[in-house]
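Biologist: Could you open the model and talk me through the aromatic contacts, the pocket and the odd backbone spots?

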Amino acid sequence: MKQYDEKIGRNVVCPCGSGKKYKKCCIGKAGLQPVDLSQYYYKKHKIRLKQPEEIAGIREAGKLVVDTLAMVAQAIRPGMKTDELNTLVHEFTLRHNARPAPLNYKGFPKSVCTSVNEVICHGIPGERILLAGDIINVDVTSILNGFYADANKTFFVGTPGRDAQKIVNVARESLKAALDAVRPGNTIGDIGFAIQQYAEGQGCSVVREFVGHGIGCDFHEPPQVPHFGRKGEGIKLVPGMVFTVEPMINLGKAHLRILTDNWTAVTADGSLSAQFEQTVLVTETGYESLTPFDL
């Protein structure tokens, strides 16, 4: 039980847990009683603050995700089809007694997303052959013992050119800037602001249409975590929140289009796009990555 210090609107559910509106409950009382944040955040934001046993489960799933990405890093080479990566991820996941969350999710036909060059996200593995100089984002979400964890990396295929090096570096540093903003008392807007300020300062753009999201007990949970924003705006971060931060950064303009498969998002101007993602837990003093890898 902790005191909740956000200004409370008259018509929101009272943080005392009564289920009544604040104006009809504790608004006139001097000094609210300590608030159960888990109850308050679920009633107000539908955010499920994770309990220690849930965090442990997500952390275990996160380790599998990171191990999967490490396996992928060793496998990527010029001349391979993206569908080969799908097979590797699918089989690796099953061997570790888990399930790939993307498979059949809202009709998605594969076990992993593979987004090459101009593909921003949700690339469907298939016959596309990786060429030397390409970049490819591999996005892995695993379900282990009922818990979800999600992370992605953008990899070089062979020796990268100057543009590839730039966009991958900016995407990586954008995630680092975002994670530095994750701590109790900050807001979701602070995260987006950190990303936008860094990426746009490097002459790149931030995709608006796709966002980070709560995760852990389901694939997508509240809150949404935009990768642009204003400092101090949005939901306040409190311990127990678990969500992804996954900035998608374009070398050119931020505009995109969706291909006829209704999944694959590509840059409208054909420019390169890169992304890095981790699943993070807000702690008492800052954050813990539940899918930790070096940035």
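Modeller: What follows goes through rings, then the pocket, then the backbone and one helix.
This is a predicted model, so local features need pLDDT of at least 70 and side-chain atom pairs count only at pLDDT 80 or more, while totals for chains, interfaces and linings use all residues. Residues are numbered from 1 along each chain as its sequence is written, and side-chain values use heavy atoms, with hydrogens and water left out.

Biologist: OK, how many aromatic pairs are there?
Modeller: The count comes to 4 aromatic pairs, where rings of Phe, Tyr and Trp (its six-membered ring) pair if their centres lie within 6.5 Å, and planes under 30 degrees apart count as stacked, over 60 as edge-to-face and the rest as tilted. One of them joins Tyr 105 and Phe 219, whose ring centres are 4.7 Å apart with the planes at 55°, so this pair is tilted.

Biologist: Where do those two sit in the chain?
Modeller: Tyr 105 is in the loop between strand S1 (99-100) and strand S2 (113-116), and Phe 219 is in the loop between strand S7 (212-214) and strand S8 (221-225), so that the pair links distant parts of the chain, 114 residues apart. Strands here are DSSP runs of E with at least two residues, and helices are runs of H or I with at least four, numbered from the N terminus.

Biologist: Is Phe 219 buried or exposed?
Modeller: Phe 219 is buried, with a relative accessible area of 9%, whereas Tyr 105 is partly exposed at 26%; buried means under 20%, exposed over 50% and partly exposed in between, with a 1.4 Å probe and protein chains only. Phe 219 also forms a stacked pair with Tyr 148, at 6.2 Å centre to centre and 25° between the planes. Tyr 148 lies in strand S5 (residues 147-156), so this second pair ties together parts that are 71 residues apart in sequence. Tyr 148 is buried too, with a relative accessible area of 13%, and Tyr 105, Tyr 148 and Phe 219 form one aromatic cluster.

Biologist: Switching to the pocket, which residues lie nearest the centre of the largest one?
Modeller: Tyr 105, His 122, His 213, Phe 219 and His 220 lie nearest its centre, out of 23 lining residues. A pocket is found on a 1 Å grid over the protein atoms alone, as an open set of points where a 1.4 Å probe fits, with protein on both sides within 12 Å along at least five of seven lines, and lining residues have an atom within 4 Å of a point. Strand S4 (135-144), S7 and S8 each supply at least two residues of that lining.

Biologist: And the backbone, which peptide bond is cis?
Modeller: The bond from Pro 222 to Pro 223 is cis, with omega near 5°, and Pro 223 lies in strand S8. Most residues other than glycine have a negative phi, and most peptide bonds are trans. Asn 117 has a positive phi, near 55°, and is buried at 13% relative accessible area. Asn 262 has a positive phi as well, near 65°, but is exposed at 63%.

Biologist: Last one, what span should helix H4 have?
Modeller: At 1.5 Å times one less than its number of residues, the 19 residues of H4 (residues 162-180) should span 27 Å, which agrees with end C-alpha atoms 27 Å apart. The buried residues of H4 include Ile 167, Val 170 and Leu 175.
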